[in-house]
Amino acid sequence: MRNLARWTVGKQVAEPHLNEDAIACANVKGVYAVSDGASESFASRRWARILVARYRQRPVIDEAWLAHAIDTYHAGFDRAAMSWSAQASFDRGSFATLLGLRLRSDGVSILGIGDSLAVLDDGNEIRATFPYTEPHQFRTNPLLLSTIHDRNAAILNADFTTHWSLDGTSTLFCMTDAIGAWLLADRSNRIARLRALRTGGDFVALVEEARADGTMRRDDTTLLVIG
Amino acid sequence: MYTAEISRTSPSAFLFIIDQSGSMDERMETEQTKAQFVADVLNKTLYQLVIRCTRADGVRNYFDAGVIAYGASVKSGFAGALSGKILHPLSDIEANPLRIEERVKRVPDGAGGLVDQPTKFPVWFDPTSSGGTPMTAAMRTAAEAIVEWCDAHPSSYPPTIIHVTDGASTDGDPSPVADALKQMSTSDGECLLFNLHISTSGGQPAVFPSSDSGLDEYGRLLFSMSSAFPGHLVQVARDKGYDSVGSESRFFGYKAGYEAIVDFFDIGTRASNLR
């Protein structure tokens, strides 16, 4: 299997530099990651990019992994030189999801922290989704990876993984929450829309249409397809 | 209604109307005067609003904010560069506090211990208490600012007005102006007017009541001046322990103590749909 497509569109199509989603792929290693930086945090675009890059480099999360990621994040800032508001916002931290996939000989191992969604499709129907299975779950406040060490204790002490078996018909879709909630609200019809996407232009058109008819929340929206 | 996304091109607004009459010098359970306590809560609320909207690239103007102070006179509660008009973009508020105090807070060091960290805390609003309670004139000043704001932002999430007082109006019945204020609107809904009465004299407090039964005449007046609880804030209030809040509740507090004052500001300034 390999990465077949990776598409992303920001909250405002004309402002891609503000898009706080991030993707990293390593086809040779069979490692893929998607992260969605929380809008209400200081530098979530930077944090999301660090998380996917770190996962691609070493796809096993533990305390040392997180400490390294946080150190990398902090190295980009000089707190003492910040304005009072930047300092206070920096101290509150940045937050992001991390959806990581590792292909193995017996299937795929998935790490799902936060509300980014992995979907297993066999070409006829959705066989599984993780970590959520129902659209209402997207309305809760998920645990997110933080740049504040102590905020990650609950994540390090819990299991956020699952494993799926794959066969020759399997396609994996990884997506951020706005399109994930949209998909699970009408899964059989909407997975067909995702299967039919061929280009980045198709993806942008689908997102714009769904935003316009009110079925998809306006948020940074990312889709990674592995097949 | 109340579903418009809040962005830099389509901001919302918060306007605080603060009673600074002479009776605000009475002391609360916290040993602070009512004026001191309200000033502290207002400064913290402005601080939280600013940092919620601050990113690595600067302050994003998701909100305009303003303060009307009334007592010996009715005027902007801001001083200096902010005193010339009522509502300001958050970036201007961030850049123009009265002063910035240096404080030290203890924070986790990431290795199981605590470390002192210098922190800057801005102050925009100092406590004052003198004169009468010209509530009607204050509401009229608010209405003038809000009608202008709604004209300039016709499709934004409508403004939220938070009014804090400890006494009855001394310049006539404020309810006709308050009613007019509540009827001002954008295409996303009518303005939200939240009233908080604070007291040091005891008596049964009423926070977010769904009817005016049991309230005295003044309480009924403020109840009638208050907007219904917007749906998206109901769960926020329940999460803070106000389990009986529902769509019939009014965003109103009567004879509130210090805990309710803090919660009132916190719940009243939550806005979803930031993008």
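Here are some questions and answers about this predicted model.

User: Which strands stand at the edges of the five-strand open sheet in chain A?
Analyst: The sheet runs in the order β1-β12-β11-β7-β8, with antiparallel pairing. Each edge strand has a single partner strand, so one side of it is left without a neighbour in the sheet. The strands at the edges are β1 (3–9) and β8 (126–130) of chain A.

User: By how many degrees are neighbouring strands of that sheet turned against each other on average?
Analyst: The five strands of this open sheet belong to chain A. With direction ignored, the average turn between neighbouring strands is 15°.

User: Let's look inside the sheet. Which residue of β12(A) is the bridge partner of F173(A)?
Analyst: Strands β11 (residues 171–175) and β12 (residues 221–226) of chain A run antiparallel, and four bridges join them. In β12(A), the partner of F173(A) is V225(A).

User: Which strands does α6(A) touch as it packs on the sheet?
Analyst: The direction of α6(A) makes about 100° with that of β11(A). Helix α6 packs on the sheet by touching four strands of chain A, namely β7 (117–121), β8, β11 and β12.

User: And at what angle does helix α7 of chain A run to β1(A)?
Analyst: Helix α7 covers residues 200–212 of chain A and lies across β1 and β12 of that chain. Its angle to β1(A) is about 45°.

User: How are α5(A) and α6(A) oriented to each other?
Analyst: The axes of α5 (residues 177–184) and α6 (residues 187–195) of chain A come within 7 Å and cross at roughly 130°. Angles over 145 degrees would count as roughly antiparallel and 65 to 115 as roughly perpendicular. The two helices, α5(A) and α6(A), are therefore oblique.

User: How many charged residues are in the contact of α5(A) with α6(A)?
Analyst: From α5(A) come I179(A), W182(A), L183(A) and L184(A), while α6(A) brings R187(A), R190(A), I191(A), R193(A) and L194(A). By class, this contact has six nonpolar residues, no polar ones, and charged residues numbering three.

User: Is A178(A) buried or exposed?
Analyst: A178(A) lies in helix α5 of chain A. Beyond its neighbours within four places in sequence, A178(A) is in contact with M216(A), R217(A), D219(A) and T221(A). Its relative accessibility is 3%, and under 20% counts as buried. So A178(A) is buried.

User: Turning to chain B, how many residues of α1(B) are buried?
Analyst: Helix α1 of chain B has 19 residues (34–52), which should span 27 Å at 1.5 Å a residue, and its end C-alpha atoms are indeed 27 Å apart. The helix is mostly covered, and of its 19 residues the number buried is 15.

Note on methods:
Residues are numbered from 1 along each chain as its sequence is written. Chains are lettered from A and ligands numbered from 1 in the order in which they are written. This is a predicted model: local features need pLDDT of at least 70, side-chain atom pairs count only at pLDDT 80 or more; totals for chains, interfaces and linings use all residues. Side-chain values use heavy atoms; hydrogens and water are left out. Axes are lines fitted to C-alpha atoms, for helices over the stretch in contact, and angles run from 0 to 180 degrees between N-to-C directions. Angles under 35 degrees count as roughly parallel, over 145 as roughly antiparallel, 65 to 115 as roughly perpendicular and the rest as oblique. Contact means heavy atoms within 4.5 Å. Ala, Val, Leu, Ile, Met, Phe, Trp, Tyr, Cys and Pro count as nonpolar, Asp, Glu, Lys and Arg as charged, and the others, Gly among them, as polar. Two strands pair if DSSP finds at least two bridges between them. The expected span of a helix is 1.5 Å times one less than its number of residues. Buried means under 20% relative accessible area, exposed over 50%, partly exposed in between (1.4 Å probe, protein chains only).
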